Amino acid sequence: MPLLPAQLRNALATVIETDIGKDIVTAGMVKDLQCNGADISIEIQLSSPDSPLRERIREKIEAALRLAGQEHGEDVGSINVAFSADMRSANEKVREEKNPLPNVKKIIAVGAGKGGVGKSTIATLLAVGLAKQGAKVGLLDGDIYGPSMTTMLGLHRLESKSEDNLLLPFEVHGIKAMTIGKLVEPDRALIWRGPRAHSAFSQLATQTNWGELDYLLVDLPPGTGDVPLSLAQLLPLSGAVIVCTPQVVAQDDARRAVRMFEQLGVPILGLVENMSYFVADDGKEYDIFGRGGGQQMASAMNIDFLGGIPIHPDMRIAADTGEPLKNWEINETMSHAFDDVCKNLAGAASLGAPDRPTLSIH
Ligand code: ADP
């Protein structure tokens, strides 16, 4: 007997040989799968016609199918692996083919190479700051492993509501917001993985009634995991903002995040350096972590520098008490810094990211 379709698919799902660390089934690379008796023909789609991965993928597929044959005691005859190429990246495809949120003008991801750099804080500041400047803004807490928007936006006491099978976003601080933190127990959110993470994120993003928006900012989990890939496959992104801290040791992580977005076909709109410097009450500025590291990295990578956000204890308090607008009351240097970053982002989003050579991924 030949292998059953589900056994074939399971075998192919053990082949992890992609640019993005996913198996070839999850990454959508298996375009055709035909069986003629025990003979199997497969079409694999690559992002480039002359990808050096071809032979490796062919060998791994053969090995996986033969192993599955042995395990299930079934015959595996000839295995023919053909390759085709779709030069478009995940996000180009979604930009060209389907848009589940046609009423949202610009969708912008906020990412970081690692946790704790203030990514959620900056996503919140950008959302509230763009709304202060007159835009209609939504903020999606896509950090499904560690959602912080319930606290940062003070949503604890608000009730989740839905209408016509769509979630209604929370309308707070001049923006619309949605977070998984209001839908499940916080400790359950932390254990979601793989396909469930994709489905949780996808529901939050596409089954929320955002209405008309100028910007939807998406706060991503730190690092280069499943959610950025889901986002790039689901929603047409105008681009991504990378948040980093100034230390040289933090820059490798930020570079990895930049590279990940490039591989997904998401333009980088710019970099924000958080915890750049400290402004004392007398207005004097102190560099704590080496102000300017982010700017140097941005210029070395040829991406826009959107600005530096100071470090200040009142920012932590505004986040803990869920009052993001209080950030603008800390002092003038800081409120100017927030406004500048928001204006620079609006400018970068309206112009689109500059063309620049993408980094090699092999
Ligand atoms: P991430 O999303 O990168 O994990 P958060 O935005 O949750 O990071 O920030 C981590 C902690 O640091 C939070 O308590 C936040 O209030 C605090 N924080 C972030 N940026 C600043 C800043 N510029 N000044 C003071 N505290 C900050």
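**Talking through the model**

Trainee: Quick one to start: how exposed is tyrosine 286?
Mentor: Tyrosine 286 is partly exposed, at a relative accessible area of 38%. Bear in mind that this is a predicted model.

Trainee: OK. And how many aromatic pairs are there?
Mentor: The count comes to two aromatic pairs. One of them joins phenylalanine 278 and tyrosine 286.

Trainee: How are the rings of phenylalanine 278 and tyrosine 286 arranged?
Mentor: They form a tilted pair, with 6.3 Å from centre to centre and 35° between the planes. Phenylalanine 278 is partly exposed too, with a relative accessible area of 24%.

Trainee: Switching topic: in what order do the strands of the open sheet run?
Mentor: The order is β1-β2-β3, three strands with mixed pairing. At the edges sit β1 (30–36) and β3 (79–85), each of which pairs on one side only. From one strand to the next, the twist averages 15°.

Trainee: In which sense do β1 and β2 pair?
Mentor: Antiparallel, over six bridges, with β2 covering residues 39–46. Within that pairing, aspartate 32 stands opposite glutamate 43 of β2.

Trainee: Which helix touches β1 and β2?
Mentor: That is α1, residues 5–12, which packs on the sheet with its direction at about 135° to that of β1. Helix α2, residues 54–72, lies across β2 and β3 and runs at about 145° to β3.

Trainee: Now the cysteines. How many disulfides does the count come to?
Mentor: Zero.

Trainee: Why does cysteine 244 have no bond to cysteine 342?
Mentor: Because their sulfurs are 17 Å apart, which is too far for a bond, and cysteine 342 holds the closest cysteine sulfur to that of cysteine 244.

Trainee: Is cysteine 244 buried or exposed?
Mentor: Buried, with a relative accessible area of 2%. Cysteine 35, by contrast, is partly exposed at 42%.

Trainee: Last topic, the inside. How many residues are in the largest nonpolar core?
Mentor: It has 88 residues, and Leu126, Leu140, Leu216 and Phe261 have the most contacts inside it.

Trainee: What is leucine 126 in contact with, leaving aside its neighbours within four places in sequence?
Mentor: Val110, Leu217, Val241, Val341, Cys342 and Leu345. Apart from the largest core there is another one, of 22 residues, including Leu8, Ala11, Ile24 and Ile61.

Trainee: What do nonpolar side chains tend to do in soluble globular proteins?
Mentor: They tend to be buried together.

Notes: Residues numbered from 1 in each chain as written. Predicted model: local features only at pLDDT ≥ 70, side-chain atom pairs only at ≥ 80, totals over all residues. Heavy atoms only, no water. Pairing = 2+ DSSP bridges. Helix = DSSP H or I, 4+ residues; strand = E, 2+ residues; numbered from the N terminus. Axes fitted to C-alpha atoms, helices over the stretch in contact; angles between N-to-C directions. Contact = heavy atoms within 4.5 Å. Disulfide = S-S within 2.5 Å. Buried < 20%, exposed > 50% of the residue type's maximum accessible area, 1.4 Å probe, protein only. Core = buried A, V, L, I, M, F, W, Y, C linked by side-chain atoms within 4.5 Å. Phe/Tyr/Trp six-rings, centres within 6.5 Å; stacked < 30°, edge-to-face > 60°.
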